[in-house]
Amino acid sequence: MAQLDLRPAPVSIAPARRLPQLAVGLVLYGVSMAMQIRAVLGLSPWDVLHEGLTKRLDISFGLTTALTAGIVLLLWIPLRQRPGIGTLANVVFIAVTVDLTLALLQTPDSLIARIALLVGGVALNGLATATYVGVRLGPGPRDGLMTGLAARTGRSVRVVRTGIEIVVLGCGWLLGGTVGAGTVLYALGIGPATQFFLRYTYWHRRDPA
């Protein structure tokens, strides 16, 4: 698959096509997070941090994700990153959706069902990521931190992302977040899953001749 251009494009271009896809992607992302939480088999590095903070602050998981996103956005300022509509929608849609899904979804008693919930959650997360990233309306707060640091330090995105996730994973684990097989599955599976689904969700900008 050829390298895709994921740089933000103006929202004024094809908004009727792109805005609904953005909303669907973010809703699916919140649902996928809740599925992984209810599986209780380990979370993504950022969600390990979110869960640890949720326990310490005694607030909802969704509110924790929004507060964390707000702090991360403050870190964008020295990096000279600019949020797009997709960045701001990311904060609101995911926070609301994950809390609503958690209210409706319970942890299964069967280990087989929990494994299925975990695998489904990771796969859905890949689809959701590809869906909202593919419309090019601005990165999420955490993705923007990664790309901004990569640009400022001259390091590769892979190195910067790994460093960030090691830090947040360690902090989340110390705060009581759930680390387990799901953490490993997410780390290994989210990249390939997102890449696979991008071929179907990527918005191709067609400039006038």
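Let's start with a charge and a ring: the charged end of Arg-18 sits over the ring of Trp-203, 4.2 Å from its centre. There is another contact of this kind, where Arg-142 lies over the face of Trp-46, at 5.4 Å from the ring centre. Before I go on, please keep in mind that what you see here is a predicted model.

Now let's look at rings meeting rings. How many aromatic pairs does a search of the whole structure find? The search gives 3 aromatic pairs. One of them joins Phe-196 to Phe-197, and this pair is edge-to-face, with 5.2 Å centre to centre and 75 degrees between the planes. Phe-196 is also paired with Tyr-200, again as an edge-to-face pair, this time at 5.6 Å centre to centre with 65 degrees between the planes. Both Phe-196 and Tyr-200 belong to helix H8, which covers residues 181–201, and because they are 4 residues apart there, about one helical turn separates them. It helps to remember a general point here: an α-helix has 3.6 residues a turn, so residues three or four places apart point the same way.

Taken together, ring pairs link Phe-196, Phe-197 and Tyr-200 into a cluster. Are these rings buried or exposed? Phe-196 counts as partly exposed, at 37% relative accessibility. Phe-197 is partly exposed too, at 21%. Tyr-200 is exposed, with a relative accessible area of 58%.

Let's move to the helix that holds Val-27 and Leu-19. Helix H1 runs over residues 15–39, which makes 25 residues. From its first C-alpha to its last, H1 reaches 36 Å, close to the 36 Å expected at 1.5 Å a residue. Leu-19 has its place in H1, and with a relative accessible area of 32% Leu-19 is partly exposed. If you go 22 residues along the chain from Leu-19 you come to Leu-41, and the C-alpha atoms of these two are separated by 33 Å.

Val-27 is in H1 as well, and this residue counts as partly exposed at 33% relative accessibility. Val-27 also takes part in a nonpolar patch on the surface, together with Val-92, Phe-93, Val-96 and Leu-100. Those residues have about 410 Å² of accessible area together. Which helix gives the largest share of the patch? That is helix H4, residues 85–104, with 4 residues.

What comes after H1? The helix is followed by Val-40, and the phi of Val-40 is positive, near 55 degrees. As a general rule, most residues other than glycine have a negative phi. Val-40 has its positive phi although it is not a glycine. You can find Val-40 in the loop between H1 and H2, where it is partly exposed with a relative accessible area of 42%.

On the other side of that loop is helix H2, residues 45–57. Its 13 residues should span 18 Å at 1.5 Å a residue, and the end C-alpha atoms are 18 Å apart, which agrees. The buried residues of H2 include Trp-46, Val-48, Leu-49 and His-50. You have already met Trp-46, as the ring with Arg-142 over its face.

H2 is followed by Asp-58, and here too phi is positive, near 60 degrees. Asp-58 is not a glycine either. Asp-58 is found in the loop between H2 and helix H3, which covers 61–79. At 70% relative accessibility, Asp-58 counts as exposed.

For the last part, let's talk about opposite charges. Side chains of opposite charge can pair when their charged atoms come close. How many salt bridges does the count come to? The count comes to 1 salt bridge. In that salt bridge the side chains of Glu-165 and Arg-161 meet, at 3.1 Å from N to O. Both are in helix H7, residues 157–174, and because they are 4 residues apart, about one helical turn separates them. Glu-165 counts as buried, at 18% relative accessibility, because buried means under 20%. Arg-161, at 33%, counts as partly exposed.

So, if you want to take a tour of the model yourself, begin with Arg-18 over the ring of Trp-203, go on to the cluster of Phe-196, Phe-197 and Tyr-200, and end at the salt bridge between Glu-165 and Arg-161. Thanks for listening!

Conventions. Residues are numbered from 1 along each chain as its sequence is written. This is a predicted model: local features need pLDDT of at least 70, side-chain atom pairs count only at pLDDT 80 or more; totals for chains, interfaces and linings use all residues. Side-chain values use heavy atoms; hydrogens and water are left out. Rings of Phe, Tyr and Trp (its six-membered ring) pair if their centres lie within 6.5 Å; planes under 30 degrees apart count as stacked, over 60 as edge-to-face and the rest as tilted. Buried means under 20% relative accessible area, exposed over 50%, partly exposed in between (1.4 Å probe, protein chains only). Helices (H or I, at least four residues) and strands (E, at least two) are DSSP runs, numbered from the N terminus. A charge sits over a ring if NZ of Lys or CZ of Arg is within 6 Å of the ring centre and within 35 degrees of the ring normal. The expected span of a helix is 1.5 Å times one less than its number of residues. Patches are made of residues with over 30% relative accessible area and no salt bridge: like charges are joined within 9 Å, nonpolar side chains (Val, Leu, Ile, Met, Phe, Trp, Tyr) within 5 Å. Accessible areas come from the Shrake-Rupley method with a 1.4 Å probe; for residues, only the protein chains shown count as cover. A salt bridge is a side-chain nitrogen of Lys or Arg within 4 Å of a carboxyl oxygen of Asp or Glu.
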